[in-house]
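These entries record what I looked up on packing and internal space. I began with the empty space and then turned to the nonpolar cores.

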Amino acid sequence: ACLPAIFVLLGTPSNKPFDRSFQTLLRFSTPLLLNTMTAQSKPEMSAEIKRKEEIENALVWSYGLFMFSVMLVIPTRAPMILHIKGGDAAAAAKVMGAMASASAVLELFMNPVFGRLSDKFGRKPFLLLSPLIDSFLHALVGLMPYNLPVQFIDKVISGSLIFAFVAPVNAVLVDLWGAGEQLVPRMARAQMFAGLGATAGPYIGAKLGQKKSFQFSAAMFVATFAWIWKTFPETLKPENRKEFDITACSPLRFLNLFKDKTTAALATTIGLQSFGDTFNVNDINFLYLKSVLGYGQSQVGTFSTAMGFSQIVNARLMKQMSQALGGAKATLLSNISWALGMLAFGTSKSSPQLGAALALLSGGHLRATAVSSYLLKAGAGAGLGAAETDAARANLTALIKVFVPMLYSSVYAKMTSNGRNIPGAPHILIAFFTMLSQLLFSTINVKAL
């Protein structure tokens, strides 16, 4: 029922058919989601396991609320920048690329510091930090929506704080369940809640409009802060805390992952996969949808909603595949699905074709989930804390994010000028990097971890 609904969503640009389609999607998908979101504990489980399940439930709902707050402004920020630049799409694309690169540079310095501090002082303070700061920044944009410096500061800081929130989420799951194969379905379940937020956020944000979407997002960040404060306990045990070492907080800390052959291969695999991460392709997706399919703000919001829902579908698939086939085979299928989806996206000429591409992408959003769990386990074997390892991974992907927006914009410009007309060239390039990551991953003996 889910994938046909996505096709319908992409084929209905007007508001009323879209509303009916979205309601139909919710009607068919709600039983599936509720079944997945309910507590995993059973009567015969021990009290300790039930306690861990309750903590995980509080965590994943926090993750969903946070991503909902983030995604509320996804369909509205680009049109606001476009308005500020007087409708000049090329100038707006350059500004958005500069925002993304600056955010990644800030992330390079923040990730190792927050990772080490989280391994010293615990997870909860850093789960609270991101929504607190984001609420203030989005409230400022709500007050001054067409002020470019305010937009720039908000995007740079709030963008970097997304991953400052995700790192302790992963570290909490390691605290509860340990690293390795058993972590994959837990991480997939957390991503399903993130997908729920990524589905509802763009839909409601597009409905609210530009200024109100930021105001509502600020309010939801406050709600996220309050939820974490009230429901989430600290999970890092005193005996597992590591002393803070400022000398270990270099933005090049990720190089420690390359001291060992296995962690180096796993980190490189994740790096190659990250070329196609949603936050790396949002801007180039917007350009493609606008220039090739003629999509406006409402239709971009529709696409973002459908993309978020496809993430929920993939989280469900990834959890089942990892349990039935193991993490390595699940990664293979996910990488293939993502590469094919990007190829289909980059050659789409209509909404139905884009819907087919999105159906393929629904199998690949979480292609790095199992690889990340293996990296956490390998990092533990090398004496690195869970948050430290995940921060190093995030730093590597942040470094890639510094130049990826510029790479995609230059490829797009080159392949759409001087008589060339291949606007999907960046998506084809992403498909290549995805399959290259699979080739490298296939050389790693994950069973030996």
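**Cavities and cores**

I looked up the lining of the largest cavity in this predicted model and found 11 residues, with Phe 114, Gly 115, Ala 164, Ala 167 and Pro 168 lying nearest the cavity centre. Helix 5, helix 7 (148-177) and helix 16 each give two or more residues to that lining. I then sorted the lining residues by character: 8 are nonpolar, 3 are polar and none is charged.

For the volume of the largest cavity I noted about 70 Å³. My search of the whole structure returned 2 cavities of 30 Å³ or more.

Next I turned to the nonpolar cores. The largest one holds 36 residues, and Leu 289, Phe 345, Leu 354, Leu 361 and Tyr 408 have the most contacts inside it. I listed the elements that supply two or more residues to this core: helix 4 (74-84), helix 5 (89-121), helix 11 (278-291), helix 12 (297-325), helix 13 (327-345), helix 14 (351-361), helix 16 (386-414) and helix 17 (425-441). Helix 11 provides the largest share of the core, 6 residues.

I examined the surroundings of one core residue, Leu 361. Leaving aside residues up to four places away in sequence, Leu 361 touches Met 307, Ser 337, Trp 338, Gly 341, Met 342 and Phe 345.

I also recorded a second core, separate from the largest one, with 29 residues. Val 70, Leu 128, Leu 183 and Ala 190 are among them.

Technical notes. Residues numbered from 1 in each chain as written. Predicted model: local features only at pLDDT ≥ 70, side-chain atom pairs only at ≥ 80, totals over all residues. Heavy atoms only, no water. Core = buried A, V, L, I, M, F, W, Y, C linked by side-chain atoms within 4.5 Å. Buried < 20%, exposed > 50% of the residue type's maximum accessible area, 1.4 Å probe, protein only. Helix = DSSP H or I, 4+ residues; strand = E, 2+ residues; numbered from the N terminus. Contact = heavy atoms within 4.5 Å. 1 Å grid on protein atoms, 1.4 Å probe; cavity = no way out; pocket = protein on both sides within 12 Å on 5 of 7 lines; lining within 4 Å. Points joined across faces, edges and corners; volume = space filled by probe spheres on them. Nonpolar A, V, L, I, M, F, W, Y, C, P; charged D, E, K, R; others polar.
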